[in-house]
Amino acid sequence: MKEIPSMKVHTRAELALMSEEAKVELILALEARLCALEPRVEELEARLGLNSRNSSKPPSSDGPAKPVVKSLREKSGRPPGGQPGHRGTTLRQVATPDRIEKHSPQRCACGCELAGQPVTRIERYQVFDLPEPGMVVTEHQVDVKICPACEARCKGALPPQVSAAPAQYGPRVRALMVYLRVYQLLPYERISALCRDAFGLSVSKATIEAVELEADGNLQPFVDEVAAQLRAAPVAHADETGLRVAGRTRWLHVVATRSLTLYHLDDKRGRQAMEAQGVLPQFRGRLVHDCWAPYFAYEGCAHALCGAHLLRELKFAHEQQQQAWAFEMFQWLLYLSGLRAARSDSPFSPEAMAFFEAEYEAILARGVAQLPPSPKRAAGRGRIPKSKSANLHERLVKHRDAVLRFVHDPQVPFTNNLAEQSMRMAKVQQKVSGCLRTVAGAQRFARLRSYVSTLIKQDCHVLTHIANAIRGTPWIPHPCQPAG
């Protein structure tokens, strides 16, 4: 914010001694200063009014005087809990338990012995518990023989997953280390503590890092295939967030669908990073994002704006800047999202779409008269600043088609929550560990997190496929699987 120089405060006596010309010059100077201060006051008041309910600020930034949390969701009228048709996950008995313990009655309450009586019925009660901490150690013995023909020493071959080290961790133990680090976001020290307390293993930070390097070094075929499938996806979600790496802010980018996730760490936030990720330049589907300007540089795809971001900004314009049109648009977008959810995949008729667009434009037209006037600028160059509500209004006018994309296209969701949820765990990682210490470690985290996230989205067994990646045979998503 530009510093505005202070002015001398004149007394009544000094003003009385001034000439008319000096008074005119003073009035002009005060008017210029007032014009310079008005946008500054408006900006500061807007900052004070921002919170997690009406902007993209995280809840942790609200401080002690947190606003009352009020969700943008309307009441559905349904009772809490699982709804009809919901698949439950109740613990169920297995057909072949690992161990059976018999509990047979020895004596009846009347005193009669029951030892020789036949069993008429068996009641089964299964207890699911963890085994005692420990490891299963497998020793691989390699036989050495002497060839009777040439007297050469011949040794048996070790399995591919076993190295020549005298003692080593198996692929499932190593997979667990990667899983705890990349998916459960545990720091190295806590992974070491867990391995010690649960399994009696003394695992160092260097060992965990070496396992991460081993798994990450085999993921390039996975990354290439996911990038190719994302480029061909009908709908994709994109987002970016700041991440503290090696003492400075870098940017974690994500492009995701319901079945695929691809992260990319970069020094830049804009188009240069998007080009390096290698998805958006060739993407021709519908791209859902939060209106970050560099996304619009890709004209080969159709754009869709996140409705959740717009609702928060409209709430701010209504509550903090008394813009009635913003409340109308807030209600209209919520109404349209409800209609789209009720219609599922069925498109609206051309008449309905014309009505939706006409009402959208009518609200914006009514808003023109309500917008605060642009502040006057003192003599000098530069763009005249606009209020937040004016900028929001201009964006809604300019990007009407992108705002209403979810109404036109049943495949496009109302929000960009899929990408934002993908970013949430990266922020949790930063909260837990403070930062990622090296760029190489952060890039490794991004690739491994892409692998694990995609495995979970496609209902694959995570530990098994992390172990496969460590062995050099990473899981590759089948291109026939839905990517949208």
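Let's start with helix H16, and how much of H16 is covered. Seven of its 10 residues are buried, so H16 counts as mostly covered. The buried set is Val462, His465, Ile466, Ala467, Asn468, Ala469 and Ile470. What do they pack against? Three helices: H3, which spans 171–182, plus H5 and H15. Keep in mind throughout that this is a predicted model. One more detail at the end of this helix: Gly472 follows H16, and its phi is positive, near 105°.

Now take the partner H15. H15 runs over residues 439–457, and H16 over residues 462–471. The two pack at an angle of about 140°, and their axes are 10 Å apart. What do we call that orientation? Oblique. The cut-off matters here, because roughly antiparallel needs an angle over 145 degrees. The crossing of H15 past H16 is right-handed.

Which residues make this contact? On the H15 side, Tyr451, Val452, Leu455 and Ile456. On the H16 side, Val462, His465, Ile466 and Ala469. Sorted by class, the contact of H15 with H16 has seven nonpolar residues, one polar and no charged. Go back to the buried list for a moment. Val462, His465, Ile466 and Ala469 are in that list too.

Next, the other packing of H15, with H5. Helix H5 covers residues 205–216. H5 and H15 pack at an angle of about 60°, with axes 10 Å apart. That is oblique as well. The crossing of H5 and H15 is left-handed.

The residues here are of another kind, so let me name them. H5 brings Glu209, Glu212, Leu213, Ala215 and Asp216. H15 brings Arg444, Arg447 and Leu448. By class, this contact of H5 with H15 has three nonpolar residues, no polar and five charged. Put the two contacts of H15 side by side. Toward H16, no charged residues. Toward H5, five charged residues.

Let's move to aromatic rings. A pair of rings is described by the distance of the centres and the angle of the planes. How many aromatic pairs are there? The count is nine. I'll show two, and Trp332 is in both.

Pair one is Trp332 with Phe355. The centres are 5.9 Å apart, and the planes make 85°, which is edge-to-face. Trp332 sits in helix H9, residues 324–343. Phe355 sits in helix H10, residues 350–368. The two are 23 residues apart, and the pair links distant parts of the chain. Buried or exposed, then, for Trp332? Trp332 has a relative accessible area of 11%, so it is buried. Phe355 is at 47% relative accessibility, so it counts as partly exposed.

Pair two is Trp332 with Phe356. Centre to centre, 6.2 Å; between the planes, 65°. Again edge-to-face. Because Trp332 lies in H9 and Phe356 in H10, this pair ties together parts 24 residues apart in sequence. Phe356 is buried, at a relative accessible area of 6%.

Step back from the pairs. Trp332, Tyr335, Phe348, Phe355 and Phe356 form one aromatic cluster.

Two single residues now. The first is Val412. Where is it? Val412 is in the loop between helix H13, 405–408, and helix H14, 417–433. Its relative accessibility is 2%, so Val412 counts as buried. Its C-alpha is 9.3 Å from that of Pro234, and the two residues are 178 residues apart along the chain. What does Val412 contact, leaving aside neighbours within four places in sequence? Val235, Arg286, Val288, Ala304, Arg405 and Phe406.

The second is Gln429, in helix H14. Gln429 has a relative accessible area of 1%, so it is buried. Residues up to four places away in sequence are not counted here. Beyond those, Gln429 touches Arg181, Leu185, Gly434, Leu436 and Phe445. Two of these link back to helices already shown: Arg181 falls within H3, 171–182, and Phe445 falls within H15, residues 439–457.

Last, the whole chain. The protein has 16 helices and seven strands. Of its 484 residues, 36% are buried. Now take contacts with a separation of 6 or more. Residues 24 or more positions apart account for 63% of those.

Note on methods. Residues numbered from 1 in each chain as written. Predicted model: local features only at pLDDT ≥ 70, side-chain atom pairs only at ≥ 80, totals over all residues. Heavy atoms only, no water. Axes fitted to C-alpha atoms, helices over the stretch in contact; angles between N-to-C directions. Helix = DSSP H or I, 4+ residues; strand = E, 2+ residues; numbered from the N terminus. Parallel < 35°, antiparallel > 145°, perpendicular 65-115°, else oblique. Left-handed = near helix turned anticlockwise from the far one by under 90°. Contact = heavy atoms within 4.5 Å. Nonpolar A, V, L, I, M, F, W, Y, C, P; charged D, E, K, R; others polar. Phe/Tyr/Trp six-rings, centres within 6.5 Å; stacked < 30°, edge-to-face > 60°. Buried < 20%, exposed > 50% of the residue type's maximum accessible area, 1.4 Å probe, protein only.
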